[in-house]
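Trainee: I have a chain to look over before the bench work starts. Can we go through it in questions and answers?

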Amino acid sequence: MKSDLFATEHLAQPATAPGMTLQNPKSIKYAVHGEMYARQGSMIAFRGSLQFERKGQGIGGMLKRAVTGEGLPLMSVTGQGEAWFAHEAANCFIVDVEQGDALTINGRNVLCFDPSLSYEIKTVKGAGMTGGGLFNSLFTGYGKLGVICEGNPIVIPVTAQAPVYVDTDAVVGWSAQLSTSLHRSQSVGSMLRGGSGEAVQLMLQGEGFVIVRPSEATPQKAAAH
């Protein structure tokens, strides 16, 4: 049988080392030797002897998710084998988190990660009860984190002289050392007259970076994550 479908770039090659690699721009392959974590429902294929189990977030994590809709429903993958992960054909990226790093990521943008990384649902300081940014996922430790993004992400440097303002429905993540607060870009009179619909943003200050996607979460998609 002959077809461009069977070209080398589409063929899954045996893993040469344990851990996470990009299969293609839309999926991540993980060679499992022990344990790893992934978002529930993101496994699209596997081979070998692997077990998939729902991972609890603890009472505090479950309460936060129930109240806010934010969080990260996880599963643990254990055993020996290879697994492929993807989510709605979103673009995939691998972030190498080094010791001392701290990265805040929206739960809807997490695909999979090494067990050596620590994960915690944290309150976004200053965000109040607005948008999708009340609770985010804080990753620390050492290891690889698989991140997904609808469209091509934009990484914007943040400096002390130039804070960055982002839509809470478009933000993917940011350096955890940045300070956060709400910023109103419309007057009350403008809001009463209809305004632009972009009344409140999340302001990030300090030294670091913020990642945004070129789209906002629709109410239907936000509810599904």
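**Contacts, sheet and cores**

Mentor: Residues 24 or more positions apart supply 78% of the chain's contacts with a separation of 6 or more. Keep in mind that this is a predicted model.

Trainee: How many helices and strands does the chain have?
Mentor: Count both kinds of element. The helices number three. The strands number 16.

Trainee: Which strands stand at the edges of the open sheet of three strands?
Mentor: The order is β12-β15-β14, with antiparallel pairing. A strand with a single partner has one side left without a neighbour in the sheet, so the edges are β12 (164–166) and β14 (179–184).

Trainee: How many bridges join β14 to β15?
Mentor: β15 covers residues 200–205 and runs antiparallel to β14. R184 stands opposite V200 in β15. The bridges that join β14 to β15 number six.

Trainee: Which strand gives the most to the largest nonpolar core?
Mentor: That core holds 16 residues, and M36, F85, L111 and C112 touch the most other members. Strands β2 (27–39), β4 (74–85) and β7 (110–113) each supply at least two of its residues. With five residues, the top contributor is β2.

Trainee: Which residues does M36 touch, leaving out those up to four places away in sequence?
Mentor: M36 is among the core members with the most partners in that core. Its full list of contacts beyond four places is Y30, M75, S76, V77, F85, C112, F113 and P115.

Trainee: What share of the chain's residues count as buried?
Mentor: The chain has 225 residues. Buried here means under 20% relative accessible area. The share is 41%.

Terms used. Residues are numbered from 1 along each chain as its sequence is written. This is a predicted model: local features need pLDDT of at least 70, side-chain atom pairs count only at pLDDT 80 or more; totals for chains, interfaces and linings use all residues. Side-chain values use heavy atoms; hydrogens and water are left out. Helices (H or I, at least four residues) and strands (E, at least two) are DSSP runs, numbered from the N terminus. Buried means under 20% relative accessible area, exposed over 50%, partly exposed in between (1.4 Å probe, protein chains only). Contact means heavy atoms within 4.5 Å. Two strands pair if DSSP finds at least two bridges between them. A nonpolar core is a set of buried Ala, Val, Leu, Ile, Met, Phe, Trp, Tyr and Cys residues joined through side-chain atoms within 4.5 Å.
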